[in-house]
Amino acid sequence: MDKKALIIIGAGGHAKVLLDILLAQKADILGLTDADTASPGVGRHVLGVPVLGGDSQVPEHSPEDIRLVNALGSVGRIGKRREIFQHFKALGYSFASVFHPAAIISRLTELGEGVQLMAGVVVQAGVVLGDNVLVNTRASVDHDCRIGAHAHLAPGAILSGGVTLGEGVHVGTGAVIIQGITVGEGSVIGAGAVVIRDVPSGVTVAGNPARVSNAVQGCRTGNS
Ligand code: JB2
């Protein structure tokens, strides 16, 4: 763990899960930021850690002194998590990765910046995870998968070997993608879907076997 103090971006459910890990690792946490509303949750605490205010609190600290943790999960619309990462990277900040101690991570993996691997995750040999990838509770990523930046695998998702996910792909809770499949950039795999054919960019698929349904980009998909 980098020694710089951390600010956690977001103060909801995913922030709580990340904080649980970081507090156990005795990370130096300055606080959380909440959405920039008229009255972001100042005075509120999450697991005893204070909400500092909106994201405008971040530039009070130099990128030399702090690192950020992206705690936006599936808030509101898919894509917000990517926007936060890109916004703060453009301002010179860097993102810390968070690995639960019970994540099994092959030493033969390549991990981008700000990758988050939650409890019970398995990442096998030859996997490449891009920047800002979130692999949530008990999801598994088998050998030689290539996961594009900003992709999000919800709890229990299963990727067999050699799967390629484009940037920003969202794989819903309990979805299964068989070996060798490619999913194009920005597509959404619905919860519980079983994907046995390649998926083009920018679509939503659902069902078993998964088929393209009307795009639900930007809406909640029941995936977390
Ligand atoms: O622009 C923002 C912003 N927009 C919303 N900046 C900051 N700093 N915070 C923002 N937020 C905040 O994200 C909201 O004010 C709220 O505190 C939080 C969203 O909380 P919520 O619990 O709704 O979503 P989440 O992203 O923490 O968790 C979702 O995704 C996880 C992966 C849920 O679906 C969880 O169940 C899921 N496990």
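Which residues of α1 are buried? In this predicted model, where residues are numbered from 1 along each chain as its sequence is written, local features need pLDDT of at least 70, side-chain atom pairs count only at pLDDT 80 or more, and totals for chains, interfaces and linings use all residues. Side-chain values rest on heavy atoms, with hydrogens and water left out.

The buried residues of α1 (under 20% relative accessible area, 1.4 Å probe, protein chains only) are His 14, Ala 15, Leu 18, Leu 19, Ile 21 and Leu 22. These residues lie on the same side of α1 because they cover an arc of only 165° around the axis, taken from the directions from the helix axis to the C-beta atoms. The face turned away from the buried side carries Gly 13, Asp 20 and Ala 24, which are exposed (over 50%). Helix α1, a DSSP run of H or I of at least four residues, comprises residues 13–24 and reaches 17 Å from its first C-alpha to its last. The expected span is 16 Å, that is, 1.5 Å times one less than the number of residues. Just after α1, Lys 26 has a positive phi of about 60°.

Asn 70 belongs to strand β5, residues 66–70 (a DSSP run of E of at least two residues). Asn 70 counts as buried because its relative accessibility is 1%. A polar atom of the Asn 70 side chain lies 3.3 Å from the backbone nitrogen of Leu 72, and the Asn 70 side chain reaches the backbone oxygen of Arg 81 at 3.0 Å.

Note on methods: Polar contact = N/O pair within 3.5 Å; in protein donor to acceptor, adjacent residues only side chain to side chain.
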